[in-house]
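Please open the model in a viewer with the backbone drawn as a cartoon and side chains available on selection. The stops below are meant to be followed in order.

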Amino acid sequence: MTIIAGAELAELFRGAFRAYPTGVAIITAGGPDGPVGLTASSVASVSVAPPALSFSVMDSPSALLIAAAPSLVVNLLGAGHAALAADFARAGGPRFTADQGWVTLPTGEPMLGDAAAALRCVPLHRVPVGVSTLVVAQVTDVRPGPPGPALIHHERRFTATS
C-alpha cells in the first residue's frame, strides 16, 4: 500500500465519502439570537441503552452554537425535504421560515413538524477533532413522523430513495 499524505490524502478522503451514501438530518437548537440549524449527513446511532447518537459539525457560526447548546433536535429528513436540506446546507439559505413547517418545542428547540423523526437530545460529550467537533448526545424524546422514502446525500446531491 502506498503512503499518501497532505492535500492528496485529504482529496482522496473527501472523494471516498462523496461516494458513500448517508442519511440527511437538520440539527437545530435555540440560540441566543434565535433558532440555529444546519444540514448534517454524519448522524449515527451510538447506543440503544441509553438511546444515544453522534454527529460532527465544522466550525461555522451555526455549528459552534449547536455544538455548545444544552439541548438540540436532530430532525431526520424524508424524501420531500431535499430543498430544505439544501437551504440549511449553505450559508445565507432561508431558515426557519413560516412555510418550512417549523414548530418550537416547549423546551425552546425548533422541530420540523413533518420530519421522518425528530429526536430531542442533550449532549453527553463534545470531542474536538481538527476543525470539527464530534458530539455524542443522549436522546430524551423521539417524535416519529410520517412514513415514506428517505433522503440521502450521495455524490454532493440530495436524492430520494424509492
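Begin by selecting Thr28 and Val73: in this predicted model, Val73 of strand 6 is the bridge partner of Thr28. Extend the selection to both strands, and the pairing of strand 2 with strand 6 appears as antiparallel, over 4 bridges.

Remain on strand 2 and turn to strand 3. Here 7 bridges join the two strands, which run antiparallel, and a hairpin of 2 residues connects strand 2 to strand 3. To locate the register, select Ile27, which stands opposite Leu38 of strand 3. A surface display is useful at this stop: 5 of the 7 residues of strand 2 are buried, so this strand is largely enclosed by the rest of the structure.

Now show the whole sheet. The 7 strands form an open sheet in the order 3-2-6-9-10-5-4, with antiparallel pairing. Which strands stand at the edges? Strand 3 (34-40) and strand 4 (44-48) do; each has a single partner strand, so one side of each is left without a neighbour in the sheet. Viewed along the sheet, neighbouring strands are turned against each other by 35° on average, direction ignored.

Next, select residues 117-129 and 132-144, which are strand 9 and strand 10. These strands run antiparallel and are joined by 12 bridges. Within this pair, Pro123 has Ala137 of strand 10 as its bridge partner.

Move on to strand 4 and strand 5. They run antiparallel with 4 bridges between them, and a hairpin links them through 2 residues. Selecting Ser47 shows Ala52 of strand 5 opposite.

The helices that lie across these strands come next. Select residues 61-68 for helix 2, which lies across strand 2, strand 3, strand 5, strand 6, strand 9 and strand 10. Its direction is at about 105° to strand 3. Then select residues 82-89 for helix 3, which lies across strand 2 and strand 3 and runs at about 110° to strand 3.

A further set of strands deserves its own view. Strand 1 (residues 22-23) is joined to strand 11 (residues 151-154) by 2 bridges, and the two run antiparallel; Gly23 stands opposite Ile152. Strand 11 also pairs in the antiparallel sense with strand 12 (residues 157-160), over 4 bridges. In that pair, His154 stands opposite Arg157. The two strands form a hairpin with 2 residues between them, and Glu155 in the turn has a positive phi of about 50°.

Finally, display the charged side chains; the salt bridges number 5. Select Arg120 and Glu109 as one of these pairs, with the closest N and O atoms 3.0 Å apart. The pair links distant parts of the chain, 11 residues apart: Arg120 lies in strand 9, and Glu109 in the loop between strand 7 (102-104) and strand 8 (110-112). Are these two residues buried or exposed? Both Arg120 and Glu109 are buried.

For contrasting environments within one pair, select Arg90 and Asp87, whose side chains meet in a salt bridge at 3.2 Å, N to O. Arg90 is partly exposed at 42% relative accessibility, whereas Asp87 is buried at 15%.

The last stop is Glu11, Arg14 and Arg18, which are linked in a network of salt bridges. Between Arg18 and Glu11 the closest N and O atoms are 3.3 Å apart. Glu11 is partly exposed, its relative accessible area being 38%.

How values were computed:
Residues numbered from 1 in each chain as written. Predicted model: local features only at pLDDT ≥ 70, side-chain atom pairs only at ≥ 80, totals over all residues. Heavy atoms only, no water. Pairing = 2+ DSSP bridges. Axes fitted to C-alpha atoms, helices over the stretch in contact; angles between N-to-C directions. Contact = heavy atoms within 4.5 Å. Buried < 20%, exposed > 50% of the residue type's maximum accessible area, 1.4 Å probe, protein only. Salt bridge = Lys/Arg side-chain N within 4 Å of Asp/Glu carboxyl O.
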